[in-house]
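Visitor: I would like a close look at one part of this model, the place where two of its helices pack against each other. Please describe that contact and then what surrounds it.

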Amino acid sequence: MAIKNRNLVFSDEKVKINRAAIEHRATWMGLTYEEGLKAGADAEAIARAAIRRTGNNTGCNIKKNMADPEDIKEFSEQFLSDLTKTSFQMDVVQKDKDNLKIEFHYCPLVEAWQKLGFDDETCAKLCDIAMDGDRGIAESMGYKLELTDTIAAGCDVCKLHFHK
């Protein structure tokens, strides 16, 4: 497996700032996970639980701001700002009342983990743990989330599918 994380957006100052914040968050996550392992803790379980709770909180806040929480198209408007889409180089493949399919072509979290020197296997593990945030959002919304491909697993893109 070789991670292919291709940054194609270099000149947008807001994107640079947002990516730096995302990388900082990923750095905390990765180093906290590593220190948990060194301390003999179940670092994965702890990280997953905390990140899932974060996603649950985010999902509840999104849901409160929606006129129709059953409408995934409306959810996408709350979940995906233009800045987020550009920061992750996202393509919205499908967006309707029942489905949201997104492909990410770049991941600032993976970028941070690679800068820290984590191997591909650890990056893939950290990615899956981080995705518990999105799983928590889906759970709080009453949706399902399928994650079929990830950049951290060596795929060309991350593929997310929120649906009922």
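Guide: In this predicted model, helix H2 passes H6 in a right-handed crossing. H2 covers residues 43-64, and H6 covers residues 120-141. Their packing angle is about 35 degrees, and the axes are 6 Å apart. Those two values suffice for a first description, because packed helices are described by the angle between their axes and the distance between the axes.

On the H2 side, the contact is made by Glu44, Ala47, Arg48, Ile51, Arg52, Gly55, Asn56, Thr58, Gly59, Cys60, Ile62 and Lys63. H6 contributes Lys125, Asp128, Ile129, Ala130, Asp132, Gly133, Arg135, Gly136, Ile137, Glu139, Ser140 and Met141. Sorted by class, this H2–H6 contact holds nine charged, eight nonpolar and seven polar residues.

H2 also packs with H1, a helix spanning residues 13-38. Here the axes come within 8 Å and cross at roughly 145 degrees. From H1, Met29, Tyr33, Gly36 and Leu37 take part, and they meet Ala43, Glu44 and Ile51 of H2. Glu44 and Ile51 thus appear in the contact with H1 and also in the one with H6. By class, the H1–H2 contact has five nonpolar residues, one polar and one charged.

H6 has a further partner, the sheet. Four strands make up this open sheet, in the order S1-S2-S4-S3 and with antiparallel pairing. Its edge strands are S1 (90-95) and S3 (144-149), each of which pairs on one side only. On average, neighbouring strands are turned by 15 degrees against each other, direction ignored.

Within the sheet, S2 (residues 99-104) and S4 (residues 158-163) are joined by six bridges. S1 and S2 pair over five bridges and form a hairpin with three residues between them. Phe104 in S2 stands opposite Met90 and also opposite Cys158 in S4.

Helix H3 (residues 72-79) lies across S1, S2 and S4, at about 35 degrees to S2. H6, for its part, packs on the sheet by touching S3 and S4, and its direction makes about 150 degrees with that of S3.

The helices of the H2–H6 contact also help to line the largest pocket, along with H1, H3, H4 (82-87) and H5 (108-115); each of these six supplies at least two residues of the lining. The pocket holds about 960 Å³ of space. Its lining has 37 residues, and those nearest the centre are Arg25, Leu109, Ala130, Gly133 and Asp134. Of these, Ala130 and Gly133 are also among the H6 residues in the contact with H2. By class, the lining comprises 25 nonpolar, 10 polar and two charged residues.

How values were computed. Residues are numbered from 1 along each chain as its sequence is written. This is a predicted model: local features need pLDDT of at least 70, side-chain atom pairs count only at pLDDT 80 or more; totals for chains, interfaces and linings use all residues. Side-chain values use heavy atoms; hydrogens and water are left out. Two strands pair if DSSP finds at least two bridges between them. Axes are lines fitted to C-alpha atoms, for helices over the stretch in contact, and angles run from 0 to 180 degrees between N-to-C directions. Contact means heavy atoms within 4.5 Å. A crossing is left-handed if the near helix is turned anticlockwise from the far one by less than a right angle, and right-handed if clockwise. Ala, Val, Leu, Ile, Met, Phe, Trp, Tyr, Cys and Pro count as nonpolar, Asp, Glu, Lys and Arg as charged, and the others, Gly among them, as polar. On a 1 Å grid over the protein atoms alone, a cavity is a set of points where a 1.4 Å probe fits but cannot get out, and a pocket is an open set with protein on both sides within 12 Å along at least five of seven lines; lining residues have an atom within 4 Å of a point. Grid points are joined across faces, edges and corners, and a volume is the space filled by probe spheres set on the points.
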